[in-house]
Amino acid sequence: YYAPYALDYLLNDADINYLGNLTFPNSTRPLFNPRELRHMEDVKLVTRGAFWILTIGMITSLAISLLAWRTADTRHAMRSGIFAGGIGIITIILTIVIMAIIAWDTFFTLFHTLLFESGTWQFLYSDTLIRLFPEKFWFDAALSIGAITTILAIILLAITRRYR
């Protein structure tokens, strides 16, 4: 019931009170503690940064593609680049997925160490964020993202290989 509130918070323009005002049913006790709220603010910053980078990357890629499509030589170079990029992405994703499967705790810790201030992402099992989004959820999410990205890269490989 409460998980969609966390996702909505990441995607809307509301401040942290959007989550901070939530309480447990039939109680005035806040659903999220101050550490969880601080982490969600950090997650929102990271999420927005990732969306911004993705948007700029897509616009830039589209502009370059439109410019490169004008001649046969540049179309060939673009197809070769996409093909090589597809192989690179598959290699990176498979490496990450293998690392996540073999050493999930190390992978999870490294990921959070790179993106968040030390200790701000570790919670008690009784905390709401862990109960809503347990480690198993993140493990499955990482594998799903890896699988979807790999499938899309394979599709790009198939399309560009056909035209090579």
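D42 lies in helix α3, and that makes a handy place to start looking around this predicted model. Is D42 buried or exposed? Its relative accessible area is 11%, and since buried means under 20%, D42 counts as buried. Setting aside residues up to four places away in sequence, D42 touches F116 and T120.

## The chain as a whole

Stepping back, what does the chain contain in the way of helices and strands? There are seven helices and zero strands, so the pattern read along the sequence is α-α-α-α-α-α-α. The radius of gyration is 20 Å, while the globule rule gives 15 Å for 164 residues; the chain is therefore more spread out than a compact globule. Along its principal axes, the C-alpha trace spans about 65 × 35 × 30 Å.

How much of the chain is buried? Of the 164 residues, 27% are buried. The chain exposes about 11,300 Å², and carbon and sulfur atoms supply 70% of that area. Contacts across the sequence are worth a look too: among those with a separation of 6 or more, 65% are between residues 24 or more positions apart. As for charge, the chain has 13 positive and 12 negative charges, and their mean positions are 15 Å apart.

## Helix α1 and its cover

Helix α1 covers residues 3–11, and its buried residues are A6, Y9 and L10. Seen down the helix axis, these buried residues fall within an arc of 100°, so they line one face of α1. The reason such a pattern can arise is simple geometry: an α-helix has 3.6 residues a turn, so residues three or four places apart point the same way. Which helices help to cover the buried residues of α1? The cover includes α2 (17–20) and α3 (34–68), and α3 is also the helix that holds D42.

## A loop residue with a positive phi

Between α2 and α3 there is a loop, and N26 lies in it. N26 is not a glycine, yet it has a positive phi of about 55°. Is N26 buried or exposed? With a relative accessible area of 86%, N26 is exposed.

## Two more buried helix residues

M78 belongs to helix α4, which runs over residues 72–102. This methionine is buried, with a relative accessible area of 15%. Leaving aside neighbours within four places in sequence, M78 is in contact with S65, A68 and W69. For one of these partners there is also a backbone distance: the C-alpha atoms of M78 and A68, ten residues apart along the chain, are separated by 6.9 Å.

H112 sits in helix α5, residues 104–115, and is buried as well, at a relative accessible area of 8%. Which residues does H112 contact once neighbours within four places in sequence are left aside? They are H39 and W121. A further distance helps with orientation: the C-alpha atoms of H112 and G20 are separated by 23 Å, and these two residues are 92 residues apart along the chain.

Here are the four residues side by side, with their accessibility.

| Residue | Relative accessible area | State |
|---|---|---|
| D42 | D42: 11% | D42: buried |
| N26 | N26: 86% | N26: exposed |
| M78 | M78: 15% | M78: buried |
| H112 | H112: 8% | H112: buried |

With the structure open, you can follow D42 to F116 and T120, M78 to S65, A68 and W69, and H112 to H39 and W121.

Terms used. Residues are numbered from 1 along each chain as its sequence is written. This is a predicted model: local features need pLDDT of at least 70, side-chain atom pairs count only at pLDDT 80 or more; totals for chains, interfaces and linings use all residues. Side-chain values use heavy atoms; hydrogens and water are left out. Helices (H or I, at least four residues) and strands (E, at least two) are DSSP runs, numbered from the N terminus. The radius of gyration is taken over C-alpha atoms; the globule rule is 2.2 Å times the number of residues to the power 0.38. Buried means under 20% relative accessible area, exposed over 50%, partly exposed in between (1.4 Å probe, protein chains only). Contact means heavy atoms within 4.5 Å. Accessible areas come from the Shrake-Rupley method with a 1.4 Å probe; for residues, only the protein chains shown count as cover. Lys and Arg count as positive and Asp and Glu as negative; His and the chain ends are not counted. The place of a charge is taken as NZ of Lys, CZ of Arg, CG of Asp or CD of Glu. The arc is that of the directions from the helix axis to the C-beta atoms.
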